[in-house]
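Biologist: Could you take me through one part of this protein in close-up? I'd like to hear about the aromatic pair and whatever sits around it.

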Amino acid sequence: MAKTKTVFVCNSCGYESAKWLGKCPACNEWNSFYEEKLAKASDGSFLSDKKTKSAKPSMLNSVEGKEAVRTSTGVSELDRVLGGGIVKGSLVLLRWRAGYW
């Protein structure tokens with residue numbers, strides 16, 4: 001019998017947690033977590049039936065961009081690089097160089 005692992009996933013933003021949470025720490029939505037069981041694959045990784053069935057590769061030029069509400073950071077150059085500001089639910093990695101700002 002294959003081992004199973006349980007994770008709790010936020011229905012709003014996709015944040016994953018080992019335990020059920022009343023409020024998502026990523027998007028601050030209340031009662032948005034659902035339980036998802038993962039089955040252990042032969043290579044030792046855990047796979048979700050939902051994710052593996054719906055995930056299909058697509059050509060990059062066939063993906064359509066969607067408009068999103070952006071929040072200004074107050075730093076004009078950073079807003080320009082981010083396309084007008086930060087998008088709620090997105091992740092941006094920044095590298096800080098001392099003396100640069």
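Modeller: Here is a walk from the whole fold down to that pair and its neighbours.

A word on the ground rules: this is a predicted model, where local features need pLDDT of at least 70, side-chain atom pairs count only at pLDDT 80 or more, and totals for chains, interfaces and linings use all residues. Residues are numbered from 1 along each chain as its sequence is written, and side-chain values use heavy atoms, with hydrogens and water left out.

The protein has two helices and six strands, arranged along the sequence as β-β-β-β-α-β-α-β. Those elements are DSSP runs numbered from the N terminus: H or I over at least four residues for a helix, E over at least two for a strand. Of the 101 residues, 17% count as buried; buried is under 20% relative accessible area, exposed is over 50%, and partly exposed is in between, with a 1.4 Å probe and protein chains only.

Now to your pair. Searching the whole structure turns up one aromatic pair. The ring centres of Y15 and F33 are 6.4 Å apart and the planes are at 85°, so this is an edge-to-face pair. The cut-offs are centres within 6.5 Å for rings of Phe, Tyr and Trp (its six-membered ring), with planes under 30 degrees apart called stacked, over 60 edge-to-face, and the rest tilted. Distant parts of the chain are linked here: Y15 is in the loop between β1 and β2, F33 is in strand β3 (residues 33-40), and 18 residues separate them. The two partners also differ in cover, since Y15 has 33% relative accessibility and counts as partly exposed, while F33, at 9%, counts as buried.

The Y15 side first. Strands β1 (residues 4-10) and β2 (residues 16-17) pair in the antiparallel sense over two bridges; strands pair if DSSP finds at least two bridges between them. V9 stands opposite E16 in β2. Five residues lie between the strands of this hairpin, and G14 there takes a positive phi near 90°.

On the F33 side, you reach the largest nonpolar core, which has five residues: F8, C10, C24, C27 and F33. Such a core is a set of buried Ala, Val, Leu, Ile, Met, Phe, Trp, Tyr and Cys residues joined through side-chain atoms within 4.5 Å. In soluble globular proteins, nonpolar side chains tend to be buried together. C10 brings both ring partners into one list: leaving out residues up to four places away in sequence, C10 touches Y15, C24, C27, S32, F33 and Y34. A contact here means heavy atoms within 4.5 Å.

Y34 leads on to E36. The side chains of E36 and Y34 are joined by a polar contact of 3.5 Å, meaning a pair of N or O atoms within 3.5 Å; within protein, one must be able to donate a hydrogen and the other to accept it, and residues adjacent in sequence count only if both atoms are side-chain atoms. E36 is in strand β3, and at 4% relative accessibility E36 counts as buried.

Last, the loop between β2 and β3. N28 is in that loop and has a positive phi of about 65° although N28 is not a glycine. N31 is in that loop too, with a positive phi of about 50°, again without being a glycine. Most residues other than glycine have a negative phi. N28 counts as partly exposed at 47% relative accessibility, whereas N31 counts as exposed at 59%.
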